[in-house]
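Biologist: Could you take me through the largest pocket in this model, please? I would like to know how much space lies in it and which residues line it.

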Amino acid sequence: MESGAKKKQRILAPKLRNFSSVGILSITLEVPELENVLIKLNGWFWNMDWIYRKKLYRLFTDMLSGLGNAKNLTFDLNSIEALSAADFLASLPSPFCNLKIVKLPLKYKESSISTDLRNYLLGSSPRATIVTTLPQIMPMPVSVTSQNVGLGEPLANPTVELVDSQGAGNDCASSSREKKDFGLWQGYEVNSEFVVLLDLIMKRYPETFEHFITKNKKLCTMRLNMLCTSVNAFTTTTMTEIDAEMITEYRTLFGDLQRSFNIKWLVSRLNYIEQFHFSQNELHAIDSSIDDAKSKLLVLQNLRTEKMTKMQEAFGTMGTNLVSTAGYIGDDLLPSP
């Protein structure tokens, strides 16, 4: 491990589409159209003392901020767990402005994602989807590897190998990263597609922002984007998708939002949905009981018909007459004089 200040490596690749890294590196990536990013830590992160891991959390998010143009973002188990352990994500805006898919490792459940981590990943890309399986394996020809890391520092001279989308070899042409699509809402820079939504919320529920006062502009932007992402996801959820686990997750999310906003109108709708969902489940249970009773009745009716048939075969018409007329057991036993 070399001593001294570590400089960020600058990667200029306007044709780069796929990027993968193993470890945490100090890099500046300038790629205008980045398709696929694969992040791996391969376990070495957790072998370090807490004081060094805490520093690595910052280095890790700094590295991710340079990958903000990615459309498909894939984590291994160690990398998503490292992000989950970072306790400062709430203060960071989401760097991923073009995101479509976040792929989690198979052993990591989406329900394990905290509100802060969800907002960090999806806050600037509200239409992005979190999945554990992809329709096809994404090619990852670009490799960035950090090895022999000591004391929580990135490798002094990491190896960087680039392959452009046409397979033409190393691509070192100069390029600059696209600027995020921001819009202004009451002096705050937010995702441009959220401006209309915020105006609508202000018009219908102005009490939402009555306590929204803070001196930290960056925090304001993050909280406003978080509000819009949450409202957009909640209002576009169908009744066929809703379940008890999702209701619990929304309740936790809204509880966090209530620290900055008055969202009684959202909580009220969530309570209504929860009660309706519970009543709907009760109705389904009653319908199931009715269906079970009908099935049992049909079985009994068939059993009765089968038994009557056997009685007719065994006792003939006299037995049938005794059953149907409830006559005396001596009927027709003695002839009339």
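Modeller: Happy to! On a 1 Å grid over the protein atoms alone, a pocket is an open set of points where a 1.4 Å probe fits, with protein on both sides within 12 Å along at least five of seven lines. Its volume is the space filled by probe spheres set on the points, which are joined across faces, edges and corners. This is a predicted model, where local features need pLDDT of at least 70 and side-chain atom pairs pLDDT 80 or more, while totals for chains, interfaces and linings use all residues. Residues are numbered from 1 along each chain as its sequence is written, and side-chain values use heavy atoms, without hydrogens or water.

The largest pocket holds about 780 Å³ of space. Its lining, meaning residues with an atom within 4 Å of a point, has 26 residues, and Glu110, Arg118, Ala233, Glu249 and Tyr250 are the closest to the centre. Two or more lining residues come from each of α3 (115–122), β7 (129–131), α5 (217–235) and α6 (244–257); these are DSSP runs numbered from the N terminus, helices being H or I of at least four residues and strands E of at least two. The largest share, six residues, belongs to α6. By type, the lining has nine nonpolar residues (Ala, Val, Leu, Ile, Met, Phe, Trp, Tyr, Cys and Pro), seven charged (Asp, Glu, Lys and Arg) and ten polar (the others, Gly among them).

As for confidence, the mean pLDDT (the predictor's confidence in each residue, from 0 to 100) of the chain is 75, and 73% of its residues reach 70 or more.
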